[in-house]
Amino acid sequence: MITKHVSTLSKVEFQTFIDSIDVVLSDCDGVLWKETEVIENSPETVNKLKQLGKKFFYITNNNTKTRSEFIKKCKDLKYDATIDEIVCTSFLAAMYLKEKKFDKKAYIVGTAGIANELNDEGIKHCGVGPDPMEGDEVDLVTNFKPDPEVGAVIVGFDKFFSFPKLVKAATYLQDPTVHFLGTNCDTERPSPNTNAFPGTGCFITTIESASNRKAVMLGKPEPFLSEYITKKYGLIPERTLMIGDNCKTDILLGKRCGFKTLLVLTGITTQGDVDAMNASNGGSKDVTIPDYYANELGDVLKMITSS
């Protein structure tokens, strides 16, 4: 399979493609914005898709905000969104435990975004915020007394990640009945410059190694998210488009679900990556190769307005 740039489609091919879509699922960071900066032409493209009658949903692996906070961010960056149009992994953590009828306490390696989504479901939690070392590492391990109420460990992005948090998470996870949830597997975030920007998956992998356990992953491309959105939105796979900047999460989710897929090059994936995909094709069945790609989401708008 070879991925095609949307601009190489004829007007008839592109119109057929657009007409075949009822629902658009879009990743956010790297497609619609980069951290606090909007990606040029993306808001206008989203608005145009909505004008054409497409339902549009924001599907993000980000776990640092609540859905309500994402609504504010969308508004600030000129996107229109309601709470039912947003799925973030902080919310999915709460939904997972709610489905399990969880009635204990969750230890969070992550941010207030996860904590606040748990609050909305009446789920007790602890762990958010800095947890600095007091004494040396032997003192820490010797003196830590696990909270017997903890029945889940949730790991998301945590800028205060520390050795004390690693010890506590791994200790709780010695009990096989304690749920181990990872919000998402992304090992990098779209960087605002050329510096590395490690993602949530790095923290999860570290705790998996320390606990000798594997986390249940909640975000793209894993089954919990796909099953949730398919039921929630009543999706017809062949009439759904997944847009993203990461082949290992966004595009893989789309392929696993039978959605059409569009990759944009404003985030993680580069033109060099696409060229390498196409060069190594040779009848490949690689499920991370998108159906189409574009330099930016605005390329879709250009095709719509020119057809």
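The largest pocket is lined by C185, D186, T187, E188, N246, C247, K248, T249, I268, T269 and D273. The model is a predicted one, and the space in this largest pocket comes to about 240 Å³. Besides the pocket, this briefing covers some backbone features in loops.

**Largest pocket**

- Helix α10, which spans residues 247-257, supplies the largest share of the lining, namely three residues.
- By residue class, the lining of the largest pocket divides into four charged, four polar and three nonpolar residues.

**Cis peptide bond**

- The peptide bond that runs from K220 to P221 is cis, and its omega angle is near 5 degrees.
- P221 itself sits in the loop that lies between strand β11 (216-217) and helix α9 (223-233).

**Positive phi angles outside glycine**

- N41 is not a glycine, yet its phi is positive, at about 75 degrees, and the residue is placed in the loop between β4 (37-38) and α2 (42-51).
- With a relative accessible area of 28%, N41 is classed as partly exposed, because that class covers the range between the 20% limit for buried and the 50% limit for exposed residues.
- N212, likewise a residue other than glycine, has a positive phi near 55 degrees, and it is found in the loop between α8 (200-211) and β11.
- The relative accessibility of N212 is 74%, and N212 therefore counts as exposed, a class that requires a value over 50%.

Note on methods: Residues numbered from 1 in each chain as written. Predicted model: local features only at pLDDT ≥ 70, side-chain atom pairs only at ≥ 80, totals over all residues. Heavy atoms only, no water. Helix = DSSP H or I, 4+ residues; strand = E, 2+ residues; numbered from the N terminus. Buried < 20%, exposed > 50% of the residue type's maximum accessible area, 1.4 Å probe, protein only. 1 Å grid on protein atoms, 1.4 Å probe; cavity = no way out; pocket = protein on both sides within 12 Å on 5 of 7 lines; lining within 4 Å. Points joined across faces, edges and corners; volume = space filled by probe spheres on them. Nonpolar A, V, L, I, M, F, W, Y, C, P; charged D, E, K, R; others polar.
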